[in-house]
Amino acid sequence: MQNYFGPRGFQVLVAHAGDDGLRLAQKEKPEVCVIDLKMPGMHGDEVLKKIKETLPNTKCIMVTASEGEGKTRAHLIEMGAYACFDKPLSSLRDLEQKIKEALES
């Protein structure tokens with residue numbers, strides 16, 4: 001994703017674990033976060049919850065390959081997710097369009 005979005009003018013910050021992503025978001029205060037539901041450390045839904053508590057204006061877009069454990073698309077939207085995408089992503093263009101929409105709203 002960094003190779004796709006960076007050349008298109010987006011500032012891309014990367015974290016490989018939930019805890020790291022949360023710390024990075026709290027430090028940098030991004031307008032949009034793309035969060036994987038399943039990642040090492042803190043689970044993506046917990047990252048979403050904490051970001052929405054501390055940075056309520058940050059738009060969070062969730063990416064998930066799993067709808068198990070009660071973490072359905074509707075549940076994530078209820079928690080404050082701006083949008084949800086299924087993995088594997090069929091098109092980074094669709095994600096880019098949703099990010100642009102989030103930035104404009």
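This is a short walk through one structure, from its sheet to its aromatic rings and its salt bridges.

Okay, a bit of housekeeping. What we have is a predicted model, so to speak: local features need pLDDT of at least 70, side-chain atom pairs count only at pLDDT 80 or more, and totals for chains, interfaces and linings use all residues. Residues are numbered from 1 along each chain as its sequence is written, and side-chain values use heavy atoms, with hydrogens and water left out.

Let's start with the sheet. It's an open sheet of three strands, in the order 1-2-3, with parallel pairing. Strand 1 (32–36) and strand 3 (83–86) are at the edges with a single partner strand each, so one side of each has no neighbour in the sheet. From one strand to the next, the twist averages 20 degrees. The axes behind that angle are lines fitted to C-alpha atoms, for helices over the stretch in contact, and angles run from 0 to 180 degrees between N-to-C directions.

When I say strand, I mean a DSSP run of E with at least two residues, and a helix is a run of H or I with at least four, both numbered from the N terminus. Two strands pair if DSSP finds at least two bridges between them. As background, strands of a sheet pair through backbone hydrogen bonds, either parallel or antiparallel.

How many bridges join strand 1 to strand 2? Five, and strand 2 covers residues 59–64. One residue to look at here is C33, whose bridge partner in strand 2 is C60.

C33 also gives us a way over to the loop between helix 1 (2–5) and helix 2 (18–28), which is where L13 sits. L13 and C33 are 20 residues apart along the chain, and their C-alpha atoms are separated by 9.2 Å. Leaving out residues up to four places away in sequence, L13 touches L24 and E28; a contact here means heavy atoms within 4.5 Å.

Is L13 buried or exposed? Neither, really: L13 is partly exposed, because its relative accessible area is 39%. The cut-offs are under 20% relative accessible area for buried, over 50% for exposed, and partly exposed in between, using a 1.4 Å probe and protein chains only.

Q11 is in that loop between helix 1 and helix 2 too. Q11 counts as exposed, at 69% relative accessibility. Between Q11 and N57 there are 18 Å in space, C-alpha to C-alpha, and 46 residues in sequence.

Now the rings. The structure holds two aromatic pairs. In one, Y4 and F5 have ring centres 4.9 Å apart and planes at 80 degrees, so that pair is edge-to-face. In the other, F5 and F10 are edge-to-face as well, with 5.3 Å centre to centre and 90 degrees between the planes. The rule takes rings of Phe, Tyr and Trp (its six-membered ring) with centres within 6.5 Å; planes under 30 degrees apart are stacked, over 60 edge-to-face, and the rest tilted.

Together, Y4, F5 and F10 form one aromatic cluster. Y4 is buried at 14% relative accessible area, F5 is buried at 5%, and F10 is buried too.

What sits over the ring of Y4? The charged end of R8, 3.6 Å from the ring centre. That label needs NZ of Lys or CZ of Arg within 6 Å of the ring centre and within 35 degrees of the ring normal.

So who else touches this group? E96, in helix 5 (residues 92–104), touches Y4, F5, R8 and F10, not counting residues up to four places away in sequence. E96 counts as buried, at 11% relative accessibility.

That takes us to salt bridges, where a side-chain nitrogen of Lys or Arg is within 4 Å of a carboxyl oxygen of Asp or Glu. By that rule there are eight. In one of them, K100 meets E96 at 3.4 Å, N to O. Those two are four residues apart in helix 5, about one turn of the helix. K100 is partly exposed at 35%.

Also in helix 5, K98 and E101 are three residues apart, again about one turn. Salt bridges that share partners join R8, E96 and K100 into one network. The side chains of K98 and E101 meet in a salt bridge of 3.2 Å, N to O.

Last one: E28, which L13 touches, has a salt bridge with K27 at 3.9 Å, N to O. E28 is partly exposed at 38%, while K27 is exposed at 64%.
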